[in-house]
Amino acid sequence: MNIIASNLASNATLATPNGTTRPQVRIVIVGHVDHGKSTLVGRLLHETGSLPDGKLEMLKAVSARRGMPFEWSFLLDALQTERDQGITIDTTQIRFRTRSRDVVLIDAPGHAEFLRNMITGAAQADGAVLIIDALEGVRDQTRRHGYLLHLLGVKQVAVVVNKMDRVDFSAERFGVIRDEITAHLTGLGLAPTAVIPISARDGDGVSERTAKIDWYNGPTVVEAIDALHPARPLDELALRLPVQAIYKFDDRRIVAGRIESGGLTAGDEIVIMPAGKIARIRSVEGWPSSPADAQGAGRSVGITLDRELFVERGDVIAHVGSAPRDTRRIRARIFWLHEQPLAAGASILLRLGNKETRAVVVAIEKAVDPGELSSAETKAIARNHVGEIDISLSQPLAADPYVDNPRTGRLVIEVNGRIAGGGLVLSVDAGQRAVPVDIVPVESALRPDERSARYRHNGAVVWLTGLPGSGKSTLARALERKLFSDGGSPILLDGDTLRAGLNGDLGFSPQDRTENIRRLAEVATHLARNGHVAIVAAVSPLREDRAAARRIADNVFREVYVATPADVCERRDPKGHYAKARAGVLHGFTGIGNDYQPPESVELAIDTSSCTVSDATDEIERMLIRTGILFDEVTDLAANI
Amino acid sequence: MQPGMDHLDALEAQSIYIFREAFARLKKLALLWSLGKDSNVMIWLARKAFFGRVPFPALHVDTEKKFPEMYAFRDHYSKEWGLDLKVDYCPPVEAIDPTLPPAARSAARKTEGLKLALNKYGFDGLIAGIRRDEEATRAKERVFSPRGTEGGWDVRDQPPEFWDQFNASPPPGAHLRIHPILHWTEADIWAYTKRENIPIIPLYLAKDGKRYRSLGDADITFPVPSTASSIDEILVELEGTKIPERAGRALDHETEDAFERLRVAGYL
């Protein structure tokens with residue numbers, strides 16, 4: 001609207017260059033239809049002296065011409081269609097000033113039919129004013145708007161109880177509504193900053209505590225708005241730079257995007273999620289000149305990297321060590337705006353940051369109408385309702401739970417090219433496999449018995465665990481040689497070897513170590529299912545990680561504890577790691593200290609300090625025969641020669 | 001707005017984000033260059049977004065009734081800024097809906113000119129420099145605003161738009177309007193123009209006690225009383241004024257719904 005800021009009171013503030021020094025807050029006014037939002041806005045503008053010259057007179061003239069009494073809400077209802085229907089159908093934005101704030105006021109419609117417009121308005125707001133008719137009290141749309149504010153992440157809400165003139169400014173009636181709405185909002189984790197009795201039509205409580213509400217000693221609406229805070233700083237969170245595009249306009253290859261949280265500068269070591277590739281920021285680019293200093297949250301930037309990596313729109317750049325999770329499964333709490341209810345099994349398009357992927361709704365829980373007080377749960381999420389959903393993604397993406405990062409922890413759902421819902425990420429299941437809706441594994445052309453007839457063994461994962469230097473790699477190599485000479489098909493998977501390639505993105509943080517083990521287990525299991533004996537040599541210090549590997553490989557898992565005493569291991573120190581760790585130059589090394597968790601029950605335990613390599617290998621072979629992996633005819637044949 | 005960024009930084013970053021989203025998600029874009037202060041800021045922002053170049057055409061839908069200073073500006077800066085300038089002409093006023101009031105009917109030529117250009121080039125996205133604070137109906141706009149196959153705007157059925165997730169899939173034959181400076185105010189435009197040293201048409205500065213606050217066709221645009229002869233003075237003037245920006249645009253004031261009717265039909 002053509003409403004230009006002016007001072008609230010003559011002595012309020014010195015003139016400042018428009019909007020450059022005062023904090024700006026964006027406020028949405030929400031509430032049930034006809035509870036008086038537009039009237040409040042009209043009154044606020046009038047009382048703050050924010051109306052353009054002639055506007056009030058023009059609208060009074062229009063009203064007279066139409067034979068209608070003047071209403072404050074006409075100020076906003078500038079559209080022909082709105083005047084005809086008498087309801088606000090879309091958000092309108094008006095600017096004015098309070099004592100210490102520049103305010104952008106968003107008037108959102110209260111009619112249920114236009115909830116999508118209320119959401120469009122409220123999602124832009126730092127704070128909200130929720131309006132309730134003193135006569136009608138808390139209604140379904142009051143509750144629904146309260147719930148949506150909570151889902152949209154609006155954390156500051158002032159409640160106004162309007163039309164107090166209709167209840168003779170009764171403090172008692174006000175108290176009932178105040179208690180009800182306070183309980184409701186507090187239950188959503190959204191305690192109101194103030195509950196204010198007003199009459200928007202007459203002006204009581206808007207900018208003045210008039211005699212009619214002399215029993216009330218809280219803030220006026222204008223004071224409550226003045227007390228709202230601008231958006232919370234995102235600089236303090238970990239770096240998240242979702243990739244919008246890669247530009248190659250000249251010889252530079254610029255990765256462009258907006259920093260959603262944290263900050264970056266040239267030289268930073270970054271990881272590109274969900275692929276987990278690591279690189280360094282070579283430069284931060286800009287036009288007409290490139291910025292020299294660090295760039296913080298909110299900036300739209302362009303960076304170049306120190307190496308050629310495949311980066312695409314939708315990837316998320318983070319700092320090494322504080323990356324978001326990569327996932328194919330997300331649980332979210334969503335609101336739904338489409339006429340067609342969202343049901344389990346639905347195929348949707350999901351947008352999270354700049355990533356777009358097809359997805360399937362795997363499960364729906366807690367689907368309710370947030371407008372109802374005690375709403376029955378339904379199987380599908382109907383229009384204007386909310387619910388929790390499990391989503392299986394056809395492509396992996398990087399995401400954070402909303403509580404960790406409000407910007408990369410929210411998503412929208414599109415149906416037929418139009419946004420149909422949105423919500424907050426409750427959890428991401430890192431590493432969990434997608435429900436195989438779109439994945440159709442290709443079966444091997446060979447049957448398992450064809451392979452085992454040739455190799456004379458079944459597939460297995462032989463998992464060697466133990467301290468560094470305990471002899472895992474030596475034993476693994478000896479076993480590999482032995483099985484191969486017997487005509488078998490052994491394959492060695494060494495933890496360190498895989499870290500050079502497949503697991504090159506992983507460091508030694510607890511999460512990365514767990515992921516390293518998971519990938520080893522997945523690869524080994526795939527080989528085992530195809531008849532090979534995958535020999536894994538990995539320290540794998542955590543019982544939980546080894547248990548996870550056993551779950552993945554299931555009945556073909558054979559765990560061998562290489563139980564060489566710690567002092568022997570350190571004396572051997574084949575890779576020089578113990579020495580380095582003792583010297584303090586190798587961090588996160590398992591061996592010195594108590595961070596290796598010995599297995600409690602395994603298929604076999606071997607102490608290599610008291611036997612030869614060949615003895616130990618024989619022992620493993622006997623275990624494999626005993627547990628149905630190796631066919632024992634081999635030894636019989638040898639005996640018959 | 002985050003620490004370390006001022007108000008103009010925040011506006012700029014948001015506009016750049018919108019430009020990059022439009023470029024990533026639409027196939028055939030054009031920027032509507034009206035030569036006014038807003039669209040010049042838009043071109044500047046596009047160059048920031050794309051590191052010095054505007055990777056789509058700048059389309060001037062010419063009513064052939066602009067001020068001479070505007071044509072001089074266009075011819076000079078289209079070259080200096082390396083724009084892919086496309087100029088298309090509007091049909092004569094006789095071809096326009098005669099039920100519209102005179103100034104609106106004249107302005108509606110632009111809507112028809114735009115439709116002709118859309119058909120000629122097959123753009124699926126038009127970047128336009130409208131702002132929410134200019135006019136009441138524009139306040140209701142989305143950043144990515146779908147238009148029907150006839151270019152019309154259905155204000156009653158706008159898709160939801162939140163968290164900077166934009167609806168960017170126009171149905172076949174329809175197009176999107178993209179509004180990268182929707183969230184700016186008139187004062188923001190001037191403050192940014194000054195900070196970035198963006199060239200302007202001198203008509204905006206006061207001469208003989210009058211200046212143009214908004215530039216349209218020469219015959220239906222009028223100067224307003226003003227002594228502001230520099231951008232700094234314009235900013236001071238805006239601080240105190242209660243006169244709407246488009247007060248000098250005759251088409252807005254003929255009847256209470258003239259402008260809205262134009263917009264529903266596809267006007268900017």
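These exercises treat the nonpolar cores and two helix crossings of a predicted model.

**Exercise 1.** Identify which residues have the most contacts inside the largest nonpolar core, and which helix gives the most to this core.

*Solution.* The largest nonpolar core has 179 residues, and those with the most contacts inside it are Ile27(A), Ala122(A), Ala128(A), Val160(A), Val161(A), Leu31(B) and Ile127(B). Turning to helices, α1 of chain B, residues 7-25, gives the most to this core, contributing eight residues. A second core, separate from that one, has 40 residues, among them Leu464(A), Ala534(A), Val556(A) and Leu630(A).

**Exercise 2.** Determine how α2(B) is oriented relative to α5(B), and which residues make the contact.

*Solution.* Helix α2 (residues 37-49) and helix α5 (residues 186-196), both of chain B, pack at an angle of about 50°, and their axes are 10 Å apart. Because of that angle, α2(B) is oblique to α5(B). The crossing of the two helices, α2(B) and α5(B), is left-handed. From α2(B) the contact draws on Lys37(B), Asp38(B), Val41(B) and Trp44(B), and from α5(B) on Ile189(B), Tyr192(B), Thr193(B) and Glu196(B). Sorted by class, the residues of this contact are four nonpolar, one polar and three charged.

**Exercise 3.** Describe the handedness of the crossing of α9(A) and α15(A), and the classes of residue in their contact.

*Solution.* In chain A, the axes of helix α9 (residues 472-485) and helix α15 (residues 613-626) come within 9 Å and cross at roughly 65°. The crossing of α9(A) with α15(A) is right-handed. Residues of the contact include Leu475(A) and Ala478(A) of α9(A), together with Ala616(A) and Ile620(A) of α15(A). By class, this contact has six nonpolar, two polar and two charged residues.

Technical notes
Residues are numbered from 1 along each chain as its sequence is written. Chains are lettered from A and ligands numbered from 1 in the order in which they are written. This is a predicted model: local features need pLDDT of at least 70, side-chain atom pairs count only at pLDDT 80 or more; totals for chains, interfaces and linings use all residues. A nonpolar core is a set of buried Ala, Val, Leu, Ile, Met, Phe, Trp, Tyr and Cys residues joined through C-beta atoms within 7 Å. A residue is buried if 20 or more other C-beta atoms lie within 10 Å of its own, exposed if 12 or fewer, and partly exposed in between; C-beta atoms are placed from the backbone. Helices (H or I, at least four residues) and strands (E, at least two) are DSSP runs, numbered from the N terminus. Axes are lines fitted to C-alpha atoms, for helices over the stretch in contact, and angles run from 0 to 180 degrees between N-to-C directions. Angles under 35 degrees count as roughly parallel, over 145 as roughly antiparallel, 65 to 115 as roughly perpendicular and the rest as oblique. A crossing is left-handed if the near helix is turned anticlockwise from the far one by less than a right angle, and right-handed if clockwise. Two residues are in contact if their C-beta atoms, placed from the backbone, lie within 7 Å. Ala, Val, Leu, Ile, Met, Phe, Trp, Tyr, Cys and Pro count as nonpolar, Asp, Glu, Lys and Arg as charged, and the others, Gly among them, as polar.
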